Amino acid sequence: MKIGLSLFAVAAAALLVVGCGGDKGGEDEANYDGWMLTRWKDGTALTGTVYLQLGEDGTFTLYQSIGTFGYARFTGTYALVGDPATGQVLSGTYADGTPWDSSYAVEKMTKRELRLRALKDGVVSVYSGVAIPAAVKDGVTAGRLRSAAQGESFL
C-alpha cells in the first residue's frame, strides 16, 4: 500500500474521536467523502497520513504524505466485485497502468469505516470515514506520479 496512508492518520483519527463526542457538535457523516488510514499491520505505527477516495464512477484518488512535504496524489481505477470465497474484493490499477500491490477482501465498508484485508499477505488496513480536508486536495505538493522509489505502497 502507499505509505502516505500512515502516521498522521492515527493522530488525526484520535482528534476525530475526541472531537466527535456527544450528540451535538460532531462531524456530520453526510459530509464524508473518503477514508483516512487509521490502523495498519495490526497497529504498526504510521509515519504519515493517507486518505483514500473511491468514486462512484470506478475511479480512486489516494493522497499520501509519507516522508514528504505535502501530499502526493495517485489516481486510477478500481473494481469491487463479489467473490464466493472472500465476499467483495477490491482491486485496482494506477493511472500509469501499474496494478495495486494486492487485491483486498472488503471486511467492512460503511461511511464510518473501511476495513480491507490484503489477499497477498493478510495485512489488515482500517480506514475511518472523513471529509478529506481541502488543504489536502488542493495543496498537493509532492510528486504526483507513482514511483517505486517512494517505498512501500498502501494499495
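This is a short walk through the fold, the strands and the aromatic residues of one protein chain.

Okay, housekeeping before the tour. What we have is a predicted model, where local features need pLDDT of at least 70, side-chain atom pairs count only at pLDDT 80 or more, and totals for chains, interfaces and linings use all residues. Residues are numbered from 1 along each chain as its sequence is written, and side-chain values use heavy atoms, with hydrogens and water left out.

So, the overall layout. The protein has two helices and eight strands; those are DSSP runs numbered from the N terminus, H or I of at least four residues for helices and E of at least two for strands. Reading from the N terminus, the order is α-β-β-β-β-β-β-β-β-α. The eight strands make a closed barrel, β1-β2-β3-β4-β5-β6-β7-β8, with antiparallel pairing, where a pair of strands needs at least two DSSP bridges between them. From one strand to the next, the twist averages 35 degrees; the axes there are lines fitted to C-alpha atoms, for helices over the stretch in contact, and angles run from 0 to 180 degrees between N-to-C directions.

Of the 155 residues, 43% count as buried. Buried here is under 20% relative accessible area, exposed is over 50%, and partly exposed is in between, with a 1.4 Å probe and protein chains only. As for contacts, meaning heavy atoms within 4.5 Å: take those between residues at least 6 apart in sequence, and 54% of them join residues at least 24 apart.

Let's go round some of the strands. Two bridges join β1 to β2, running antiparallel, and Met-36 has Tyr-51 in β2 as its bridge partner. Thr-38 also sits in β1, which spans residues 34-40. Thr-38 is buried at 15% relative accessible area, and its side chain makes a polar contact with the side chain of Ser-128, at 3.4 Å. For the record, a polar contact is a pair of N or O atoms within 3.5 Å; within protein, one must be able to donate a hydrogen and the other to accept it, and residues adjacent in sequence count only if both atoms are side-chain atoms.

How much of β2 is buried? Seven of its seven residues are, so the strand is largely enclosed by the rest of the structure. Both faces are covered, with Gly-48, Val-50, Leu-52 and Leu-54 buried on one side and Thr-49, Tyr-51 and Gln-53 buried on the other. Moving on, β2 and β3 run antiparallel with seven bridges between them, and Leu-52 stands opposite Leu-62 in β3. The two strands form a hairpin with four residues in between, and Gly-58 in that turn has a positive phi of about 85 degrees.

Further round, β7 and β8 (residues 124-130) are antiparallel and joined by five bridges, with Arg-117 opposite Val-124 in β8.

Now the aromatics. There are five aromatic pairs in the whole structure; a pair means Phe, Tyr or Trp rings (the six-membered one for Trp) with centres within 6.5 Å, stacked if the planes are under 30 degrees apart, edge-to-face over 60, and tilted for the rest. Phe-60 and Trp-100 have ring centres 5.2 Å apart and planes at 75 degrees, so that pair is edge-to-face. Phe-60 is in β3 and Trp-100 in the loop between β5 and β6, so the pair ties together parts 40 residues apart in sequence. Both are buried: Phe-60 at 1% and Trp-100 at 6%. Phe-74 and Tyr-94 are also edge-to-face, 6.3 Å centre to centre with 75 degrees between the planes. Phe-74 is in β4 and Tyr-94 in β5, 20 residues apart. Add Tyr-104, and Phe-60, Phe-74, Tyr-94, Trp-100 and Tyr-104 form one aromatic cluster.

Which residues touch the most other members of the largest nonpolar core? Phe-60 and Leu-90, out of 23 residues. A nonpolar core is a set of buried Ala, Val, Leu, Ile, Met, Phe, Trp, Tyr and Cys residues joined through side-chain atoms within 4.5 Å. Elements giving two or more residues to this core are β1, β2, β3, β4, β5, β6 and β7. Apart from it lies another core of seven residues, including Met-36 and Tyr-63.

Last stop, Gly-76 in β4. Gly-76 is buried at 12%, and its contacts beyond four places in sequence include Gly-58 and Phe-60.
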